[in-house]
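Q: Please take a close look at one part of this model and go through its surroundings step by step. Explain the terms as they come up.

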Amino acid sequence: MVGAGVLSLPYAMAHLGWGPGVVILILSWIITLYTLWQMVEMHEMVPGKRFDRYHELGQYAFGEKLGLYIVVPQQLVVEVGVDIVYMVTGGKSLQKIYNLAQPNGKYIKTSYFIMIFASAQFVLAHLPNFNSISMVSLAAAVMSLSYSIIASGASISKGVEHNVDYGPPSSTTPGKVFGFLTALGDVAFAYAGHNVVLEIQATLPSTPEKPSKGPMWKGVVFAYIVVALCYFPVALIGYWVFGNKVKDNILISLEKPTWLIIVANAFVVIHVIGSYQLYAMPVFDMIETVLVKKLHFKPSRMLRFVSRNTYVAFTMFVGITFPFFGGLLGFFGGFAFAPTTYFLPCVMWLAIYKPRRFSLSWYANWICIVLGVLLVVLAPIGALRSIIISAKTYKFYS
């Protein structure tokens, strides 16, 4: 659950301000915990059947064809989007490590660091399934907790910046408005575990007496307590220390103690190496299914080798071309994560369970749907503007 999106939360707070920022962080935590509970409940709502994939649940809720058309494109955008962002994150963290370790060293392009990060993915892409990456996932979880703690701790030890300013980073009205919208997407990106929750629940044993939703819900609650302990301190302390001067990745803003910031960035690299694969696995599954069933390729090691490496190369190329961490986060957070995380589970819940009109469940779902739709419409607009402005002054492949 704790992704690299946590690193952009102080930057999101800078654009949202203290009041709205705290409200949006708490509201997102509550809404996404509620929709995650819905996903866990719906996994085995039909006796004797388990919905092991998001799209299977969509097909049950909306019909065979419509369910696929609604869910699969969104899931695909989420998974590919995360992998592109993680390419950029891994590359930039490697670059930060190099710059701190070699302050007077030769300048090396960001592009090269993203390529170095991608080289690990070309190897890991050939692990067979979810269980084979369980150790990688465990390492990723430990790392994400560690760099969140370091980000908070190093910010506290640094102390508040001289002349800190908590006003909006932009002085113009369009800058303030679009910055606010981008920040909404940044927050949405941080809450992104819903896309693989059914696949994870599918790995748990289940019987009619002891359904998998029991232990799964315990796991979700534990994960969300950890999420709160990571996200809120990083977001609030990072903003308190740096004000509106905070970078879109808090670990890029921090410089001292040098060894600790190097360690934190190394943790980020290890984490996103593992998490990249977690989001890539369903995509590999989809690509290989289409190649074999629709295009009638013969299943072989060669097909797997070519298809997986092509996907990794594609995410690397996009990451190298648009290495704008904050803008990418806001865009994918709003455009892709908001539907699958904030309101699609609610739409499915209404379609399947049909709660009584104007009941508490009916109201709760419709509030989530309205807020989620606003997020989908508004956040990508702000993020696209942010990417365009960054691209104006950016030398591509530099």
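A: Contact, or touching, means heavy atoms within 4.5 Å. The model is predicted: local features need pLDDT of at least 70 and side-chain atom pairs pLDDT 80 or more, while totals for chains, interfaces and linings use all residues. Residues are numbered from 1 along each chain as its sequence is written, and side-chain values use heavy atoms, without hydrogens and water.

Leaving out residues up to four places away in sequence, tyrosine 231 touches Met1, Val2, Gly3, Val6, Leu9, Ala190 and Tyr191. The last of these, tyrosine 191, sits in the loop between helix H7 (173-190) and helix H8 (197-202); helices are DSSP runs of H or I, at least four residues, numbered from the N terminus. Because its relative accessible area is 0%, tyrosine 191 is buried (under 20%; exposed is over 50%, partly exposed in between, with a 1.4 Å probe and protein chains only).

With the same sequence neighbours left out, the contacts of tyrosine 191 include Leu25, Ser28, Trp29 and Thr32. Tyr224, Val227, Tyr231 and Phe232 are also among them, as are Phe337, Thr341 and Tyr342. Glycine 333 is 142 residues from tyrosine 191 in sequence, yet the two C-alpha atoms are 8.7 Å apart.

The largest nonpolar core (buried Ala, Val, Leu, Ile, Met, Phe, Trp, Tyr and Cys joined through side-chain atoms within 4.5 Å) has 113 residues. Tyr191, Tyr231 and Met348 touch the most other members of that core.

Note on methods:
Helix = DSSP H or I, 4+ residues; strand = E, 2+ residues; numbered from the N terminus.
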